Amino acid sequence: QTQLTVSAAQLISISIAPAVGGSAKIPAGYSGSYVATGSYSDGSLQNLTATANWLSSNLPIATVGNGSGNKGVVTGIAVGTSSITASLSGVVGTVALTISNATLSSISVTPANSTVHPNSKLQYSALGTFSDATTLSLTQQVTWSSSNTLAATISNAAGSKGLAEAGFLAGTTTIGASVNGITGSTQLTRALN
């Protein structure tokens, strides 16, 4: 059992910021996640990302997800600017967003040079570095691969992207993350036991 306190606090304002691994400047053709945080009259803060209503002011430049599972996910369509808003109970938060023409330079895959044991799994992340030095999480956008599926497999399914699972045999495999012709990789060892 636990105690739950329901307060009469009122929502005062909403702030919007890039999620962890996100960026305030998104290259065209890529996506980044944003988080909406509500400030209340009692001084408390609450994550409103999943409950707020999201909008983009300039759809030819950027779209923003407003459905289950993709709320706050901004996709750059073309170079330009747009305002991203999150609203709830009549309170609106806005952030300016720039969609750039930066190109992807490299992808780093983490954790690097890891070991997975039988009947276990390991979550991988992909971080892209762009020509303007912007970095952006690409975990959900890359295509994941394993060079030796007997040692380990890795998922490309929605909701489990980048999740590696130990295979049937001990050995080493190269875990790759690719998008738009750029690939990053690291080694994964499936231990004997």
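**Exercise 1. Work out how strand 16 and strand 17 pair, and then place them in their sheet.**

*Solution.*
Step 1. Start with the pair itself: strand 16 and strand 17 (residues 163–166) run antiparallel and are joined by three bridges. Keep in mind that you're looking at a predicted model.

Step 2. Pick out one bridge. A152 has A166 in strand 17 as its bridge partner.

Step 3. Now zoom out to the sheet. It is an open one with three strands in the order 12-17-16, and its pairing is antiparallel. Strand 12 and strand 16 (152–154) are the edge strands, each pairing on one side only. On average, neighbouring strands here are turned by 20° against each other, direction ignored.

A bit of background: strands in a sheet pair through backbone hydrogen bonds, and they can do so parallel or antiparallel.

**Exercise 2. Find the edges of the sheet with the order 11-19-18-15, and say which way the side chains of strand 15 point.**

*Solution.*
Step 1. This open sheet has four strands, and its pairing is mixed.

Step 2. Look at the two ends of the order. Strand 11 (114–116) and strand 15 (143–146) each have a single partner strand, so each has one side without a neighbour in the sheet. From one strand to the next, the twist averages 30°.

Step 3. Follow strand 15 to its partner. Strand 15 pairs with strand 18 (residues 171–179) in the antiparallel sense, over four bridges. Two bridge partners to look up in strand 18 are I175 for S146 and S178 for T143.

Step 4. Walk along strand 15 and watch the side chains alternate. W144 and S146 point to one face and are buried, while T143 and S145 point to the other face and are not.

**Exercise 3. Decide whether T85 is buried or exposed, and describe its surroundings.**

*Solution.*
Step 1. Locate T85: you'll find this residue in strand 8 (residues 80–88).

Step 2. Check its accessibility. The relative accessible area of T85 is 18%, and the cut-off for buried is under 20%, so T85 counts as buried.

Step 3. List what touches T85. Setting aside neighbours within four places in sequence, its contacts are I16, N53, W54, L55, V92, G93 and T94.

Step 4. Link those contacts to a strand. Strand 5 (residues 53–56) has W54 and S56 on its covered face, with N53 and L55 on the uncovered one. Strand 5 pairs with strand 8 over four bridges, in the antiparallel sense, and L55 stands opposite T85.

**Exercise 4. Track down the unusual backbone spots at P111, N119 and A133.**

*Solution.*
Step 1. Recall what is usual: most peptide bonds are trans, and most residues other than glycine have a negative phi.

Step 2. Go to P111, in the loop between strand 10 (104–110) and strand 11. The bond between T110 and P111 is a cis peptide bond, with omega at about 0°.

Step 3. Move on to N119, in the loop between strand 11 and strand 12 (121–123). N119 isn't a glycine, yet its phi is positive, about 65°. With a relative accessible area of 83%, N119 is exposed.

Step 4. Finish at A133, in the loop between strand 13 (125–130) and strand 14. Its phi is also positive, near 75°. A133 counts as exposed because its relative accessibility is 61% and the cut-off is over 50%.

**Exercise 5. Describe the largest pocket, and name the strand that gives the largest share of its lining.**

*Solution.*
Step 1. Think about how empty space shows up: you roll a probe the size of a water molecule over the atoms.

Step 2. Read off the size: the largest pocket has a volume of about 370 Å³. It is lined by 17 residues, and S33, V73, S137, Q140 and Q141 are the closest to its centre.

Step 3. Assign the lining to strands. Strand 3 (31–40) and strand 14 (135–137) each supply at least two residues. The largest share, three residues, comes from strand 3.

**Exercise 6. Sum up the whole protein: how many helices and strands, and what share of residues is buried?**

*Solution.*
Step 1. Count the elements: there are zero helices and 19 strands.

Step 2. Check the burial: 38% of the 193 residues count as buried.

Step 3. Add the outside. The accessible surface is about 10,100 Å², and carbon and sulfur atoms account for 53% of it. The C-alpha atoms fill a box of roughly 55 × 55 × 25 Å along the principal axes.

Notes:
Residues are numbered from 1 along each chain as its sequence is written. This is a predicted model: local features need pLDDT of at least 70, side-chain atom pairs count only at pLDDT 80 or more; totals for chains, interfaces and linings use all residues. Side-chain values use heavy atoms; hydrogens and water are left out. Buried means under 20% relative accessible area, exposed over 50%, partly exposed in between (1.4 Å probe, protein chains only). Contact means heavy atoms within 4.5 Å. Two strands pair if DSSP finds at least two bridges between them. Axes are lines fitted to C-alpha atoms, for helices over the stretch in contact, and angles run from 0 to 180 degrees between N-to-C directions. Accessible areas come from the Shrake-Rupley method with a 1.4 Å probe; for residues, only the protein chains shown count as cover. On a 1 Å grid over the protein atoms alone, a cavity is a set of points where a 1.4 Å probe fits but cannot get out, and a pocket is an open set with protein on both sides within 12 Å along at least five of seven lines; lining residues have an atom within 4 Å of a point. Grid points are joined across faces, edges and corners, and a volume is the space filled by probe spheres set on the points.
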